[in-house]
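Welcome! Please take a moment to turn the model around on your screen, and then let us walk through it together.

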Amino acid sequence: MAGKPLNLTGGPFVVLGLISRPGEAPSYDLKRVAEETVNNFWPTPHATLYAEPARLADAGYLSVTEESGGRRRRSYSLTKQGRDAL
C-alpha cells in the first residue's frame, strides 16, 4: 500500500539502488554493500541506511519482511513503485 509520495533525493535513491542489487536486504547488509560500492564517491551516513528503508517502506517504495524469531530483523525489497522510481 502506497503512502504519501516522497520527494526522492540522493539518499533514498542510494537505498533503492542498493536494495535492487540483491533483491532483498536488511539494513545491515545495505551498510556493507554501500561500503564496498558507492561510499568511495557518494558517502552515505550509516544512519541513512538504517532509517531510510523504513521511511521508503511507509511510502510504498519497499516491502518489509520480518523474522519471526531471534533478532526479528527486517528485510526490504523493492515494490513496483520502488522499481518505477529507481
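How far apart are the mean positions of the positive and negative charges of the protein? They lie 2 Å apart, with 11 positive and 9 negative charges counted. Keep in mind as you look that this is a predicted model.

Now let us step back to the overall fold. The protein has 4 helices and 3 strands, and reading along the sequence gives the pattern α-β-α-α-β-β-α. Its radius of gyration is 12 Å, close to the 12 Å that the globule rule gives for 86 residues, so the protein is as compact as a globular protein of that length. If you follow the C-alpha trace along its principal axes, it spans about 35 × 35 × 20 Å.

What about the inside and the outside? Of the 86 residues in the protein, 37% are buried. The accessible surface comes to about 5,300 Å², and carbon and sulfur atoms account for 52% of that surface. Contacts also link distant parts of the chain: among those with a separation of 6 or more, 54% are between residues 24 or more positions apart.

Next, find the sheet. Its 3 strands form an open sheet in the order 1-3-2, with antiparallel pairing. Strand 1 (25–26) and strand 2 stand at the edges with a single partner strand each, so one side of each has no neighbour in the sheet. Between strand 1 and strand 3 there are 2 bridges, in the antiparallel sense. You can look for Pro-26, whose bridge partner in strand 3 is Ser-75.

The helices come next, beginning with helix 1, which covers residues 10–20. Which of its residues are buried? They are Pro-12, Val-14, Val-15, Leu-16, Leu-18 and Ile-19. The cover over these buried residues includes helix 2 (27–36), helix 3 (46–58) and helix 4 (80–85), and strand 2 (62–66) and strand 3 (74–78) are also part of it.

Helix 2 can be read in a similar way. Its buried residues are Ser-27, Leu-30, Lys-31, Val-33 and Ala-34. As you trace them, a general point may help: an α-helix has 3.6 residues a turn, so residues three or four places apart point the same way. Among the elements that cover the buried residues of helix 2 are helix 1 and helix 3, together with strand 1 and strand 3 of the sheet.

Terms used. Residues numbered from 1 in each chain as written. Predicted model: local features only at pLDDT ≥ 70, side-chain atom pairs only at ≥ 80, totals over all residues. Heavy atoms only, no water. Buried < 20%, exposed > 50% of the residue type's maximum accessible area, 1.4 Å probe, protein only. Contact = heavy atoms within 4.5 Å. Rg over C-alpha atoms; globule rule 2.2 N^0.38 Å. Areas by Shrake-Rupley, 256 points an atom, 1.4 Å probe, with all protein chains shown as cover. Lys, Arg positive; Asp, Glu negative; His and termini not counted. Charge placed at Lys NZ, Arg CZ, Asp CG, Glu CD. Pairing = 2+ DSSP bridges.
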